[in-house]
Amino acid sequence: FSAESMFHTRRDASKAGLVTLVRALGRAGYQLVDVQQPSPHVCQLGAYSLSRQSFLARHYEAVSLDVAPIEC
């Protein structure tokens with residue numbers, strides 16, 4: 001899953017949104033969330049950098065998974 005969200009009207013709303021999204025994706029069977037660039041914001045929530053080779057290997061595996069629709 002890949003997403004970008006920089007808009008919010010309340011402090012830390014994007015953090016709450018990301019946590020909610022990651023939990024929903026996990027329940028649906030997703031194994032990889034691409035946050036594009038590491039930042040203090042996403043790293044404090046558990047994101048970390050991967051080498052290109054590692055990302056591509058994980059991406060290849062992740063896109064072959066049978067995942068459920070996301071229920072919100």
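**Figure 1. The buried side of helix 1.** Ser14, Leu18, Ala24, Leu25 and Ala28 are the residues of helix 1 that are buried. Around the helix axis they take up an arc of only 130°, so they sit on the same side of helix 1. An α-helix has 3.6 residues a turn, so residues three or four places apart point the same way. This is a predicted model, so please read each view with that in mind. Part of the cover over these buried residues of helix 1 is supplied by helix 2 (40–43).

**Figure 2. The other side of helix 1, and its end.** Turn to the other side of helix 1 and you will find Thr20, Arg23 and Arg27, which are exposed. The helix is made of 16 residues, and 23 Å separates its first C-alpha from its last. That span is close to the 22 Å expected at 1.5 Å a residue. Just after helix 1 comes Gly29, with a positive phi near 100°.

**Figure 3. The whole chain, for orientation.** Here is some context for the close-ups. The protein chain has three helices and zero strands, and along the sequence they give the pattern α-α-α. Of its 72 residues, 11% are buried. Which share of the contacts between residues at least 6 apart in sequence joins residues at least 24 apart? The share is 76%.

**Figure 4. The largest pocket.** The space in the largest pocket comes to about 620 Å³. Its lining is made up of 26 residues, and those closest to the centre of the pocket are Val33, Asp34, Val35, Ala47 and Tyr48. Two elements, helix 1 (13–28) and helix 3 (52–63), each give two or more residues to this lining. Which of the elements gives the largest share of the lining? Helix 1 does, with six residues. Sorted by class, the lining holds 15 nonpolar, seven polar and four charged residues.

**Figure 5. Gln36, in the loop between helix 1 and helix 2.** This view stays with one residue of the loop that joins helix 1 to helix 2, namely Gln36. Although Gln36 is not a glycine, its phi is positive, at about 70°. Is Gln36 buried or partly exposed? With a relative accessibility of 47%, Gln36 counts as partly exposed, because exposed residues are those over 50%.

**Figure 6. Gln44, in the loop between helix 2 and helix 3.** Follow the chain on to the loop between helix 2 and helix 3, where Gln44 is found. The relative accessible area of Gln44 is 54%, so this residue is exposed. A useful landmark for this view is Lys15, which is 29 residues away from Gln44 along the chain. How far apart are the C-alpha atoms of Gln44 and Lys15? They are separated by 9.6 Å.

Key:
Residues are numbered from 1 along each chain as its sequence is written. This is a predicted model: local features need pLDDT of at least 70, side-chain atom pairs count only at pLDDT 80 or more; totals for chains, interfaces and linings use all residues. Side-chain values use heavy atoms; hydrogens and water are left out. On a 1 Å grid over the protein atoms alone, a cavity is a set of points where a 1.4 Å probe fits but cannot get out, and a pocket is an open set with protein on both sides within 12 Å along at least five of seven lines; lining residues have an atom within 4 Å of a point. Grid points are joined across faces, edges and corners, and a volume is the space filled by probe spheres set on the points. Helices (H or I, at least four residues) and strands (E, at least two) are DSSP runs, numbered from the N terminus. Ala, Val, Leu, Ile, Met, Phe, Trp, Tyr, Cys and Pro count as nonpolar, Asp, Glu, Lys and Arg as charged, and the others, Gly among them, as polar. The expected span of a helix is 1.5 Å times one less than its number of residues. Buried means under 20% relative accessible area, exposed over 50%, partly exposed in between (1.4 Å probe, protein chains only). The arc is that of the directions from the helix axis to the C-beta atoms. Contact means heavy atoms within 4.5 Å.
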